[in-house]
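User: Please take a close look at a single part of this structure and describe it in connected prose. I would like the cut-offs behind each term stated where the term is used.

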Amino acid sequence: MKKKLLIFLFLIFIITGCNNTNTPTNEVQKLFLNYTSLSSDLLIQLDRVIDGEILTDEQNAKYKEVLKRQYEDLQYKVKDEVINDDIAIVSTEIEVYNLKKAIKESDEYLENNREEFYLNDEFSNELFWNYKLDKMYNTNERITYTLDLSLTKIDDTWHLDELLETDRQKIHGLY
């Protein structure tokens with residue numbers, strides 16, 4: 001009886017282990033799992049995004065928290081998958097914090113209240129960035145975007161193509 005049970009379990013293991021879980025939709029789901037779980041690769045990319053700004057160490061940390069929050073709270077739904085030979089398009093709807101609006105409102109506030117950001121009779125970029133980062137971090141307004149992500153099949157394995165810059169901006173809520 002034990003032998004039959006072991007053989008049965010072994011066959012189940014082989015059958016489930018051999019299922020092809022590499023589909024275009026699964027690859028897109030892995031991408032978003034990397035965002036929501038803050039994978040180490042993603043955190044390295046995050047540092048590169050932040051390095052593009054001239055900020056204090058404290059502001060860098062705050063900006064990182066803004067984007068981590070964005071990634072962790074990202075919601076997505078796969079809407080459609082179209083496969084044509086070795087090319088696939090997966091349409092996905094994402095919902096993210098509307099950081100673009102928070103930045104725009106910060107810039108408008110600066111235009112109308114510039115004197116609030118002066119320190120010793122000189123405009124303080126640091127004060128303004130502190131204001132802007134607080135506004136970004138505290139925004140709860142969300143926006144929905146559609147992404148059409150392309151994938152290519154290489155050696156019977158689906159690979160996500162390089163994200164377009166507009167797709168990255170949408171994921172960051174900056175489009």
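Analyst: The second largest pocket is lined by Y35, L42, Q45, L46, R48, V49, Y71, E165, R168, Q169, H172 and L174. Two elements give two or more residues each to this lining, namely helix 3 and helix 7 (165-172), where helices are DSSP runs of H or I with at least four residues and strands are runs of E with at least two, both numbered from the N terminus. The model is predicted, so that local features need pLDDT of at least 70 and side-chain atom pairs count only at pLDDT 80 or more, while totals for chains, interfaces and linings use all residues. Residues are numbered from 1 along each chain as its sequence is written, and side-chain values use heavy atoms, with hydrogens and water left out.

A pocket here is an open set of points on a 1 Å grid over the protein atoms alone, where a 1.4 Å probe fits and protein lies on both sides within 12 Å along at least five of seven lines; a lining residue has an atom within 4 Å of a point. The volume of the second largest pocket is about 180 Å³, taken as the space filled by probe spheres set on the points, which are joined across faces, edges and corners. Helix 3 supplies the largest share of its lining, five residues. By class the lining holds six nonpolar, three polar and three charged residues, with Ala, Val, Leu, Ile, Met, Phe, Trp, Tyr, Cys and Pro counted as nonpolar, Asp, Glu, Lys and Arg as charged, and the others, Gly among them, as polar.

Q45, which belongs to that lining, also appears with L31, N34, L160 and L163 as the residues nearest the centre of the largest pocket, whose lining has 15 residues. Helix 2 (24-36), helix 3 (40-51) and strand 6 (157-160) each give two or more residues to the lining of the largest pocket, and helix 2 gives the most, with five.

As for the surroundings of helix 7, strand 2 (residues 87-97) and strand 5 (residues 142-154) pair in the antiparallel sense over eleven bridges, pairing being assigned where DSSP finds at least two bridges. Helix 7 packs on the sheet and touches strand 2 and strand 5, its direction making about 140 degrees with that of strand 5. Contact means heavy atoms within 4.5 Å, and angles run from 0 to 180 degrees between N-to-C directions of lines fitted to C-alpha atoms, for helices over the stretch in contact.
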